[in-house]
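Please open the structure in your viewer and keep the sequence panel beside it, since each stop on this tour begins with a selection. Take the stops in order, and pause at each one before reading on.

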Amino acid sequence: MNFILWLLIIFAACAVASLALCGLAMVLFPKFRSGEHKPGTHRPDMPAGGREIKTIELPLVGGPAFTLAIVGIGVWAGYVFQLNKDQWTMLLIGLGATFGFALIGFLDDWNKVYSKEGLSERVKFGGLFLVSATAAVLYFFLVSTGQESYSFYKDLPILNTLLSNPGCAADTTCRVHPGQFAFYGWLIFLVLMTGFVGSFTSVAVDFSDGLDGLAGGLVFSASLALGIVVTGLIDPRHPLGIVFEILALLCAGSTLGYLPWNWPSSWAARHRTAKRSAKIYMGDCGALALGGMMAIIAIFSRNELLLLLLGGAFVLEGLSALIQSRVLTRFFRRSLTTLRFANTDEFVPHTEFPLPFLATPLHHHFDLLGWDRRRLVYGAWALGACFAALGVMSGLSTFTWERYLARILVLILALAIWTSGSWTKCYFVGKHPAERSRRRRLALYYGYPYRIMGVRLYHLVEVIEASENVIETPAEELALWQRMTIYDARSMLGLYCYRAGYYPAALAQWTRIPERNRVLRPEVTRLLFEVDERLALEKQETQPMRRDQLIPQEPILSGNLPPADLPNPHEPIRSDETAGILAGPWESLKSTHSYPINNEEIEDLDEDDEEARIMTAPLGSSTHRESEPNGHNGQNGQKSQNLSDTSDASLSGNGAQQTSTPSRWFTRLFRSSSK
C-alpha cells in the first residue's frame, strides 16, 4: 500500500513541479518566442517580409520547464525507493536520454528565436538518432538485461541465426556473451531499433504539436496507458519494472502540469473571435523529450510493438506527413501528368494533386475544414484515449483472442480516421435545402452527396446569395452535386454570384482562390477584370478602380503561424467580406485615402478640397427585382434591398463622399474660373 501511495505522490509532485516551473519560465522568459515563418499549403504566394503580429507568438518555455521537473523529481524518486545499482543505472539512462532529446529540441527552438529558422531535418533526425543509439549502447553494456535477445525478434526465420544461440531457441529470452556472433548481432540490432523507434516517435509527437493542448493531452493518455501496462513488471523477477513505472508516471505528470498553461480554445488568428487560453508552447524541446521518453520506456521494457497501439494518434500524425509530403507529393511532382492542365505552361501547385488530405500533419486537415479548434482537440484527446484503452487491453489480456480483438479494433479505428480525409477533402455545389422547396439557394458542401439510413455524409459549409434561377444550361445543372476541389467550387459559386448581380460576393469567392490556383483558371481572371469595369461604371469614374481598393489584400504575416492562421479558402465566407467591411486583425490595413484619378484631383487632395462624387444606384438592382419579385432570393425584400445598398455603398471606395458642402463647391468654381 505504501508502495502505491509513493507512486501517486511522485506523479502528483511531478505535476505540481511542472505547473510551477512552467509559470515561472513564462514570467522570466516572456520574449523567448519563435520567429520562424511556416507557409501553409493553402496560402497564396507572398513576399518574405511583412507585418508581424506579436500576439500570435507564445513563449517556447514549456518544454525546458517540465523537462527540469522530470529530471529533478526522477532523481528524488530514486532516493525514495532506494534503488539498487542496476535500477539507478536504468533510471539515469532514461533521464539522460530524455534530457538529450530535450537538448536537440532546445537547439532547434533557439535557432527559431534568434536565427528565424530551426535546425534542418537531417541535423535534427541525426541528433535524435545519436541520442537514441547512445542510450541503447549504455543499456546494452551497463544493464544486466541489455544482453538478452527476446521474442519475437529472435524467433523470426532470418534473425534467429543472428540474434540467438542454437541452445536457447525454445526459450523466451536468450543470453548473449562476448565473443559469440549473436553478441554483436544483438548489439547492432538493438542500436538500430532504438535509434529508429526513438527518432520516429519523437518526430511524430513533434508533428502533433500543432494546436494548443493537442500534443500534451495525447502524450498524457499514451504515457499513462504505458504506465498501466508496465505495472505487470513490478515484480521481484523484474527489478527494472519499478524504474519503468517511475518514468511513465513522470511523463504523464509533467504533461498534466503543463496542460493548464496550454489549454485548448476556439481561438484562431484568422478569426480572433474567441479568447485564447494558452499562454506558452512546449516547443520542439518538450515534444522531442516526451516522444523520446515514451520510446525509451517502451523499448527497454520490451513493449515497443505495443507503443504502436498506445500511440495510434501519433502514428496517424507521422504517417500523414510522411506519406503525403515526403512520398506522394514528390512522386506526383516527377511522374504525375494532370490532363486538365497538360496544355498549359503554368506551374501546377501540389494542392491540385490527388492527395489524401488537405494539409499535413493530420490535425491541420480538419482545422482547414473550419472545425472549432477546441472541439477538434477534445476529439483528438478522445481518439487518443481510445487507442490507449485498446492498447492496455491488448497488453494485459490473458486470452489470445482478446489481444487480437483489441489489435483489430485499433486497426479499424485508424483506417476510419485515415479514410475520413479522402471523403472530407472534396467539395460540391448543391442546392439548399436539399429537399424540394419553393425557392432554393445554392450552397457549398463537403463530403459525399448521399444519406444512408438518414445519416448525412455531407456537411454544409455556406449558403450563397444566388438562387437556383441563375442556372441556365443542362450542363450546369448536371455539374451540381458533383465532387470537386475547393478551387473549382469557389469558381462556380463566384460565377453564380456574378450572374445574379452580387458582385462583392463574387469577388469574395474568387479572391479566396490562391494566386497559383487562380492562374490555372483563366476564366476567373477574366471575370475579375470585368467586375472591375462594372464597378467602375457604377461609380462613374474616368478610369477603372483597382480591385485592391474593393477587396483588401491579405496581410503579410511572419512568425510561427500554423497553416490555418491565414484566410482559409475552405472556411465559409463571412458577411463582412461580401460587404467589403474589414474586421478583426485585417482592420488596420484599411486604406485611409481615395485613389487619385487625375492631376487636378491630386491638387485638390493636397488642399483638402476634394469634390464629392455622386454615387449611382447599385448595379444589377433591377435584375434582382425582375428575377426575385419578393426580394433577395426568397428572403424579405426590404431587408435584402437594404443589404444590397449597404454592400454596394461600402464597396464604392474609401474616399467616396456622398455630400458636398457649398463652400468647397464655390472654392473649386472660383479656382477654375481664375485659371
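Select Val 429 together with Leu 444, because these two residues are bridge partners, with Leu 444 belonging to strand S5. Keep both in view and add the next pair, Gly 430 and Ala 443, where Ala 443 is the partner in S5. You are looking at a predicted model throughout this tour.

Now widen the selection to the whole of strand S4, residues 427-432, and the whole of S5, residues 441-452. These two strands pair in the antiparallel sense, and six bridges hold the place of that pairing in the model. Is S4 enclosed or open to the outside? Five of its six residues are buried, so S4 is largely enclosed by the rest of the structure.

Add strand S6, residues 455-467, to the selection. With S6 shown, you have an open sheet of three strands in the order S4-S5-S6, paired in the antiparallel sense. S4 and S6 are the edge strands, each of them pairing on one side only. If you turn the view along the sheet, you can follow its twist, which averages 45° from one strand to the next.

Which helix lies across this sheet? Select residues 486-500, which form helix H16; H16 lies across S4, S5 and S6, and runs at about 35° to S6.

Leave the sheet now and select two helices, H7 (residues 214-230) and H13 (residues 373-396). They pack at an angle of about 15°, with their axes 9 Å apart. Angles under 35 degrees count as roughly parallel, and H7 and H13 are therefore roughly parallel to each other. H7 passes H13 in a right-handed crossing. To see where they meet, show the side chains of the contact: on H7 they include Leu 214, Leu 218, Ala 225 and Val 229, and on H13 they include Val 377, Trp 381, Ala 388 and Leu 396. Which kinds of residue make up this contact of H7 with H13? The residues divide into twelve nonpolar, three polar and no charged.

The next stop is a single residue, Ala 252, which you will find in helix H8, residues 241-258. Its relative accessibility is 0%, and because buried means under 20%, Ala 252 counts as buried. Leaving aside its neighbours within four places in sequence, Ala 252 is in contact with Phe 11, Phe 220, Ser 223 and Leu 224. Select Met 294 as well, and you will see two C-alpha atoms separated by 9.9 Å, although Ala 252 and Met 294 are 42 residues apart along the chain.

Move on to Ile 280, in the loop between H8 and helix H9 (283-300). Ile 280 is also buried, with a relative accessible area of 0%. Not counting residues up to four places away in sequence, Ile 280 touches a group of residues, among them Cys 22, Met 26, Pro 59, Tyr 258 and Trp 261. Glu 57 is 223 residues from Ile 280 along the chain, yet their C-alpha atoms are separated by 8.8 Å.

Finally, clear the selection and show the whole chain, which has 25 helices and seven strands. Of its 675 residues, 52% count as buried. Among the contacts in the chain with a separation of 6 or more, 74% are between residues 24 or more positions apart.

Notes:
Residues numbered from 1 in each chain as written. Predicted model: local features only at pLDDT ≥ 70, side-chain atom pairs only at ≥ 80, totals over all residues. Heavy atoms only, no water. Axes fitted to C-alpha atoms, helices over the stretch in contact; angles between N-to-C directions. Helix = DSSP H or I, 4+ residues; strand = E, 2+ residues; numbered from the N terminus. Parallel < 35°, antiparallel > 145°, perpendicular 65-115°, else oblique. Left-handed = near helix turned anticlockwise from the far one by under 90°. Contact = heavy atoms within 4.5 Å. Nonpolar A, V, L, I, M, F, W, Y, C, P; charged D, E, K, R; others polar. Buried < 20%, exposed > 50% of the residue type's maximum accessible area, 1.4 Å probe, protein only.
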